[in-house]
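Ready for a little practice? Have a look at the model below, then work through the exercises at your own pace.

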Amino acid sequence: MRLLVAVALLAASPALAAPGRVAGSKHDLSVTGPGPIKAEQETRVCIFCHVPHQGSREALSSRPDPGAGHRPYASGTMRARPGAPSGASRVCLSCHDGTIAIGRTTSELIAMNGAAPGGVIPSTRRSNLGTDLRRTHPISFAPAPAASTHRPAPHDAVRLDRNGELQCTACHDPHAEYGGSAEGKFLVKPTAGAQLCATCHVSSGASSHASSPAALPPAERAATGYASVAEAACMACHRSHGGDARGGLVARGDVERDDALCLRCHGGAVARLDVALDAAKPYSHAIDGGRQHDAAEGPSGPGPRLPETSAAAPRHAVCVDCHDPHEANGQRTAAPLAGGALAGVWGIDLAGRPVTPARFQYEVCFKCHADSANQADAPGAVRRARPEPNLRLVFDPSAPSFHPVAAPGRNPEVPGLLPPYDETSLVYCTDCHASSSGPGAGGSGPRGPHGSVYPHLLERSYSTADGTVESAAAYALCYKCHDREVLLSSRSAFPHRRHVVDGRAACAACHAAHGVARTSGTDTANAHLVDFDLSVVGPGPGGRREYERRGPRTGSCALRCHGREHDRTTY
Amino acid sequence: MTPAAARLGALAACAALACAHAPRAAPSQLPDLRWPEGPAAPRARLARLLPDPQAQAPIAPAWRRALDAVLGLERRAPDAGLRRPFGVLAVDGEETLVADPDLARVVRVGGRGTQRTVECKGRAWSAPFALARAPSGELLVADAGAAVVVRISPDGRCAELGAGRLERPTGVAATADRIYVADPPRHEVVALSAAGEVVARMGGRGAGDGQLSFPTAVAVAPDGTLLVVDALNFRISRFSPDGRWLGAFGEAGDEGGALARPKGIAVDREGRVYVSDAQRDVVLVFSPAGALEYALGASGEGPGRFVHPAGLAVAGNRLLVADSLNGRVQVFELIGEAP
């Protein structure tokens, strides 16, 4: 019987039968020199991890567990809860704790997955579990089913332990240094092309990153062995050990800004377009987002609130607020659909509810430009009667008037719309708010609202100052879609020429570019985006300052402007 | 008083009473755990946990709380406490020094749980692993990440010792004229003079007499003998102060007095040797001759249990254990020892 068991054991595990694989590898900790491995030397190679079951006979004291005082570690975006390391990982960590072998939290070395992050915060106190303290791939937990992860397939090289927990041994076979990958490190599968990570982490593979043939810089190529972004795949941005303490196993230093990772390649180095140039322009989305972004932010849940609910909450805009690097691709779409660059990002819909992924481009913008309580007026903003910073209300289809971002405009007749626009068209936020050197402005920079030389991140010039001399350049933004010739001719129902050219009134003197919300105006007084600039348009006879739409091509004004009284002057 | 007011008053009084009876956690209600169990006389008992799991979180001053309430600031909880305490040292009275390599911090924990970091001007910690105190009162910190031993004098001045001579120092101990540093990747214990010059090197890779395999920690016995955790030879080696090998005890194994992954070492004033085993999750207590006297602790997360116990320190009748992967330090009282 014992012979049978012995034979079975010998046949069972290749590792048992081949101590020669460990010998000569980094895990060969024996002190014997080179030469044929002999019997006793075989034993010496194994006992560093496989401690022999022996010792003197004294029993050790043990007590039933009086009750755990230990707080398991948690992250805002992770569903399973790792506890203290267990199982095979304990053996690994017994050397890889920084003493016998490397095990540290700097970016080059293997990091530790600790237990409770120091101290216990009483349950009544609001603690920000969204601050992810993790630097290394979590271990010693049974993965909970989630949309973005799944257990490895039954006979895969990547394995959970017999308790269904993920340990160091899921990705590393401590016996075979080069068994699974030419990279070594005892990996069971190569990391190139996401082979190892994709065993458990679901990814559509549709992102530009997954297929990009762009070459990595020579230094990085030499250090990592990956030639292109597609080959590096996950490892272009992530590290399994020693990632940023902010979480997500990102390959970025603790004190680097959130955007530092993206800009390593999208700052003119690897990717074709240079976003850093745009971000450096005077009006940009790269308000030093610094290190404020939290992957768990949202309208509910453990992370910080977004849209922000407190007027004093800091605002931030970093790359990943609008772009999901796992899904972003170059697919072009038509308004209002969110294009490939915004694929996978969550947003806030017209009703104010979170939607994942956002279907429309404006839903991504509404995360910060709608219900957020901490919106401040842009410097130099025009003073309106009842300004409404919540753009969700301004672009709502029930509002008196609006540019057609979320729904076609309410005016069935808009003379002079340039093709391809007509009265049923929808436009993107980014048709007006975009890079001043992007394709929309005739340049070759990146598309999108990264930065502009014009205030309010506008793609083209738009003067709001009273007394502006009219020209194609002064109101270039409006003339992008509204034919200047038609607007200033008699085909426009309202005498624009008299006001804009002769009177040198800016478009903004009478029109609010986004629109007027239901709570800020009425269908008659605020049709056609009319919302007077209070510093230019004064009260007329009887103290009234109002516009009245009387019909399709007719209306009247009661106000005083440039010294001229309008006593219900009609057009 | 109107009936309505009387009712209101009674309600308020009830509420106040209810609040008065709300359970207020007394500090440190630890279970009474003693080792060894059973008929043998207990030799150690659990005295404290640091940080105290039942202590209130630090309360900000009232003006700060009011300001936060008004402004609605969402301040993140500061990263206080210990993440992976590895080295410990008992200092005057109830104070404890803890080295945390993951937070790159050396912390002085007061008797009431208050924490103050120990810093050097112009120098940031890289990965402090071990602490020791010289008889002259200076603090020695083995900074493995920076490959130096930092000496901090009582007036706060810091000096780096052994620069360029060490690879990854993870253990340090001091006598009146020598500083001993354990350097695992070089399989050596280096003896430094007070000025920081290398005076002697003990070890060299091997399993024979006088050789070492990844020595992780050192301690000095009362008679001046140097004890070294010879981790991958699964033994505790003894050296004389001038570097002669005096012998070793211990064997590889997972029961009784055998060592599986010895990590930290400390010696009490009677010469008893305390060794933490990071794989067995126990602290083994040996007689000066190397015979097992008793074992302390077990694997787990509750009080009196360890996950990867690392550094040890003994002062008087206090034994401190850095329970590294539980993120805490456990303090035991050695029964029968004088404080």
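**Exercise 1.** Find where A:Pro357 sits in chain A.

*Solution.* Start with the place: A:Pro357 is in the loop between strand 3 (354-355) and helix 11 (361-369) of chain A. Helices (H or I, at least four residues) and strands (E, at least two) are DSSP runs, numbered from the N terminus. Next, check the bond: A:Thr356 and A:Pro357 are joined by a cis peptide bond, with omega about -10 degrees.

A word on the ground rules: this is a predicted model, where local features need pLDDT of at least 70 and side-chain atom pairs count only at pLDDT 80 or more, while totals for chains, interfaces and linings use all residues. Residues are numbered from 1 along each chain as its sequence is written, and chains are lettered from A and ligands numbered from 1 in the order in which they are written.

**Exercise 2.** Locate A:Pro307 and describe the peptide bond from A:Leu306.

*Solution.* First, look in the loop between strand 1 (283-284) and helix 10 (319-322) of chain A, which holds A:Pro307. Then take the bond from A:Leu306 to A:Pro307: this one is cis, with omega near -5 degrees.

**Exercise 3.** Is A:Ala194 buried or exposed?

*Solution.* Go to the loop between helix 4 (88-95) and helix 5 (208-211) of chain A, where A:Ala194 lies. A:Ala194 isn't a glycine, yet has a positive phi of about 65 degrees. Now count: 21 other C-beta atoms lie within 10 Å, so A:Ala194 is buried (20 or more is buried, 12 or fewer exposed, in between partly exposed, with C-beta atoms placed from the backbone).
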